[in-house]
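Here is a small set of exercises to work through with the model open beside you. Try each task on your own before you read its solution.

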Amino acid sequence: MKILIVEDDEMIADVISRGLSRAGYQCLCAYDGLEAAGLLEDHRYDLILLDIMLPGADGFEVYQTAEHVPTIFLTAKGGLSDRVRGLRMGADDYIVKPFEMLELLARVEAVLRRTRKSGTDFVFYGVRIDFESRTIEKDGQETECTPREYELLETLVKNRNIALSRERLLDLVWGYDYEGDIRTVDVHIQKLRKKLGLEDCIKTVYKLGYRLEIK
């Protein structure tokens with residue numbers, strides 16, 4: 001998946017690029033509207049993260065050259081009129097800075113899923129997870145997993161190379177209203193490691209939680 005990040009603050013653009021790259025996306029940055037418009041003419045992208053306040057040409061002008069590429073407006077301007085204008089133009093989402101990287105990743109995944117460009121499966125280290133049928137295969141053979149085990153692996157895959165705390169995994173997989181023991185995360189991680197041979201891939205992050213490491 002190729003993502004164009006259009007952001008005039010180079011530090012913010014770099015943080016976004018590194019975060020999305022760790023999650024498996026291919027990123028390219030543009031720092032003004034005219035540069036972005038030129039890149040959109042010469043290359044194809046699966047998604048644009050587009051700031052509104054840009055030198056050269058503003059984000060709304062850039063968006064008009066994007067030729068229906070899925071777009072998330074990314075800006076410090078939180079005014080209702082800007083949000084309404086962007087969405088009425090056809091943008092897929094709008095997120096106001098500052099934001100958490102996990103939230104941005106979730107928004108990116110949601111837009112790609114809606115626009116049918118995220119792919120229906122993901123393969124790594126002999127494991128294939130099918131997001132449509134919600135099945136998991138190991139070396140070509142379907143592996144029996146509980147719904148919770150599937151949801152945990154899907155969450156790790158979609159946040160690959162990002163350390164997730166046990167509390168965050170509980171929220172994402174079990175839900176915010178779950179009242180059970182936090183150690184259930186450890187139990188399910190151990191089951192996934194054993195069933196799928198991922199002992200060296202699902203890393204324990206000391207005093208935090210876990211990270212699915214995919215190079």
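**Exercise 1: A pair within one helix**

Glu154 and Lys158 sit four residues apart in helix α6, so about one helical turn separates them. Keep in mind throughout that this is a predicted model.

Task: Decide whether Glu154 and Lys158 are buried or exposed, and find how far apart the closest N and O atoms of their salt bridge are.

Solution. Step one: take the distance between the closest N and O atoms, which is 3.6 Å. Step two: compare it with the cut-off, since a salt bridge needs a side-chain nitrogen of Lys or Arg within 4 Å of a carboxyl oxygen of Asp or Glu. Glu154 and Lys158 therefore form a salt bridge, at 3.6 Å. Step three: check the surroundings, where both Glu154 and Lys158 turn out to be buried.

**Exercise 2: Two helices that meet**

Task: Describe how helix α6 and helix α8 pack, and find a salt bridge that ties them together.

Solution. Begin with the geometry. Two packed helices are described by the angle between their axes and the distance between the axes. Helix α6 covers residues 147–158, and helix α8 covers residues 184–196. Their axes are 10 Å apart, at an angle of about 85°. That makes α6 roughly perpendicular to α8.

Next, list the residues that meet. On the α6 side they are Arg148, Glu149, Leu152, Leu153 and Leu156, and on the α8 side His188, Ile189, Lys191, Leu192, Lys195 and Leu196.

Now look for opposite charges in that list. Glu149 forms a salt bridge with Lys195, with 2.7 Å between the closest N and O atoms. Because Glu149 belongs to helix α6 and Lys195 to helix α8, the pair ties together parts that are 46 residues apart in sequence. Finally, compare the two partners: Glu149 is buried, with a relative accessible area of 2%, whereas Lys195 counts as partly exposed at 35% relative accessibility.

**Exercise 3: A buried arginine without a salt bridge**

Task: Arg193 lies in helix α8; work out which polar partner its side chain has among side chains, and which backbone oxygen it reaches.

Solution. First, look for a partner of opposite charge. Arg193 is buried and has no salt bridge, as the nearest side chain of opposite charge, that of Glu199, is 7.2 Å away. Second, search for other polar atoms. The side chain of Arg193 reaches the backbone oxygen of Ile202 at 2.6 Å. It also makes a polar contact with the side chain of Thr204, at 2.9 Å. Third, widen the view to the residues around it: leaving out those up to four places away in sequence, Arg193 touches Leu198, Glu199, Ile202, Lys203, Thr204 and Tyr210.

For contrast, turn to Arg166 in helix α7 (residues 166–174). Arg166 is buried, with a relative accessible area of 18%. Its side chain makes a polar contact with the side chain of Asp186, at 2.8 Å. Among the residues that Arg166 touches are Ile182, Val185, Leu208 and Tyr210.

**Exercise 4: A link between distant loops**

Task: Find which residue forms a salt bridge with Glu7, and say where the two partners lie.

Solution. The partner is Lys97, with the closest N and O atoms 2.8 Å apart. The pair links distant parts of the chain, 90 residues apart: Glu7 is in the loop between β1 and α1, and Lys97 in the loop between β5 and α5. Glu7 is buried at a relative accessible area of 1%, and Lys97 is buried at 17%.

**Exercise 5: Zooming out**

Task: Say how many salt bridges a search of the whole structure finds, and what share of the protein chain's residues is buried.

Solution. The search of the whole structure finds 15 salt bridges. Asp121, Arg128, Asp130 and Glu137 are linked in a network of them. Of the 215 residues of the protein chain, 46% count as buried. One buried example is Leu104, at 0% relative accessibility. Leu104 lies in helix α5 and touches residues including Ile16 and Phe99. To close the count, the protein chain has eight helices and 12 strands.

Conventions. Residues are numbered from 1 along each chain as its sequence is written. This is a predicted model: local features need pLDDT of at least 70, side-chain atom pairs count only at pLDDT 80 or more; totals for chains, interfaces and linings use all residues. Side-chain values use heavy atoms; hydrogens and water are left out. Helices (H or I, at least four residues) and strands (E, at least two) are DSSP runs, numbered from the N terminus. Buried means under 20% relative accessible area, exposed over 50%, partly exposed in between (1.4 Å probe, protein chains only). Lys and Arg count as positive and Asp and Glu as negative; His and the chain ends are not counted. A polar contact is a pair of N or O atoms within 3.5 Å; within protein, one must be able to donate a hydrogen and the other to accept it, and residues adjacent in sequence count only if both atoms are side-chain atoms. Contact means heavy atoms within 4.5 Å. Axes are lines fitted to C-alpha atoms, for helices over the stretch in contact, and angles run from 0 to 180 degrees between N-to-C directions. Angles under 35 degrees count as roughly parallel, over 145 as roughly antiparallel, 65 to 115 as roughly perpendicular and the rest as oblique.
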